[in-house]
Amino acid sequence: QAAAATAGVVAPWFGPVSLFWPTALTSHLLSNMIIIGFILRREDLPKDTQVATYILMLSVFMLPVVGPGIQEHQDVWNLLWNPLSAAWMIIFALLFVVSSAVMIFGDLRQMKERVAELWIVAVPISGTVLLPTVSKTISLTSNNAKIGCIIAYSAIAITWTFQAIVEAKMISCRTKYIPTKMFLSLFVNAISGIIVWEDWRVVESWMGYVCTFLSMSLAIYLMSSLEYCTVKKRIRVSLSNMD
């Protein structure tokens, strides 16, 4: 756990922020599959989960080839004070603060299940935007600014750890919740790279980049219990009943 935490801090220093989260997510899933499924044999992982994990792994291998490359000597403050970047970061910072406050001080058990799940999932989604960016900023700023960034990073990381505990207690249907969280995290992380860190300047192949993320999205869908056709059928039935 200590090694993973250290790697999570240092990894965004050496490459695009938008590649960090897909890599971290896939390495976590792959290690769980190998250790829990194959070595310890505590759980029989279905074929869908195994195939989806392999697809995610292959997609991560492709991201550095088709996705954004490394940009040297970026001015972090010019990037963050760009109006669009500042608005993006402020929105997710407010979302993180509000959702964390509701999660910590609110009575989630008195809320409707779907509403409680939305507040819980908002913490890691907003944290996905904030945490790698704060980590990257640590490596690009002076000593005085580093202290503030380290404090912010620690606060986000501690809150995120507490969220994992709440999530384990409160979420009933994890086969829908976890894939949804994974997909949203990947999406907002990629958008953050484009908006905040100007990944659009150094993407090797937009077609390859988009197709790789579509492959990862399909892999996440394969791991979930959500059935698109079933949902579509239910929507049609509901609409017909309304008529």
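How many cavities of 30 Å³ or more does the count come to? The count comes to 1. The model behind these views is predicted.

**View 1. The largest cavity and its lining residues.**
About 60 Å³ of space lies inside this cavity. Its lining includes Gly15, Pro16 and Val17. Gly69, Ile70, Gln71 and Gln74 also line the cavity. Lys136, Trp197 and Asp199 complete the list. Sorted by class, the lining holds 4 nonpolar, 4 polar and 2 charged residues. Rolling a probe the size of a water molecule over the atoms shows where empty space is left.

**View 2. The second largest pocket, with lining from α6 and α8.**
The space in this pocket is about 350 Å³. Helix α6 spans residues 113-140, and helix α8 spans 174-195. Each of these two helices gives at least two residues to the lining. Which helix gives the largest share? That helix is α6, with 5 residues. Look for Glu113, Arg114, Glu117, Leu118 and Val121 in the lining. Cys173, Lys176, Tyr177, Thr180 and Leu184 line the pocket too. By class, the residues are 5 nonpolar, 1 polar and 4 charged.

**View 3. The largest nonpolar core, a set of 52 residues.**
Three members touch the most other members: Leu56, Trp88 and Leu108. Many helices feed this core, and each of the following supplies at least two residues: α2 (17-39), α3 (47-66), α4 (76-80), α5 (83-105), α6, α7 (143-170), α8 and α9 (206-223). The largest share comes from α6, at 10 residues. In soluble globular proteins, nonpolar side chains tend to be buried together.

**View 4. Leu56 and its contacts.**
Set aside the neighbours within four places in sequence. Which residues are then in contact with Leu56? They are Thr26, Leu29, Met182, Met216, Ala219, Ile220 and Met223. Leu56 is also one of the three core members that touch the most others.

**View 5. Asn189 in helix α8.**
Is Asn189 buried or exposed? Asn189 counts as buried, because its relative accessibility is 0% and buried means under 20%. What does Asn189 touch, beyond residues up to four places away in sequence? Its partners include Val17, Ser18, Leu19, Trp21 and Pro22. Thr128 and Pro132 are touched as well. Val17 appears in View 1 too, as part of the lining of the largest cavity.

Terms used: Residues are numbered from 1 along each chain as its sequence is written. This is a predicted model: local features need pLDDT of at least 70, side-chain atom pairs count only at pLDDT 80 or more; totals for chains, interfaces and linings use all residues. Side-chain values use heavy atoms; hydrogens and water are left out. On a 1 Å grid over the protein atoms alone, a cavity is a set of points where a 1.4 Å probe fits but cannot get out, and a pocket is an open set with protein on both sides within 12 Å along at least five of seven lines; lining residues have an atom within 4 Å of a point. Grid points are joined across faces, edges and corners, and a volume is the space filled by probe spheres set on the points. Helices (H or I, at least four residues) and strands (E, at least two) are DSSP runs, numbered from the N terminus. Ala, Val, Leu, Ile, Met, Phe, Trp, Tyr, Cys and Pro count as nonpolar, Asp, Glu, Lys and Arg as charged, and the others, Gly among them, as polar. A nonpolar core is a set of buried Ala, Val, Leu, Ile, Met, Phe, Trp, Tyr and Cys residues joined through side-chain atoms within 4.5 Å. Buried means under 20% relative accessible area, exposed over 50%, partly exposed in between (1.4 Å probe, protein chains only). Contact means heavy atoms within 4.5 Å.
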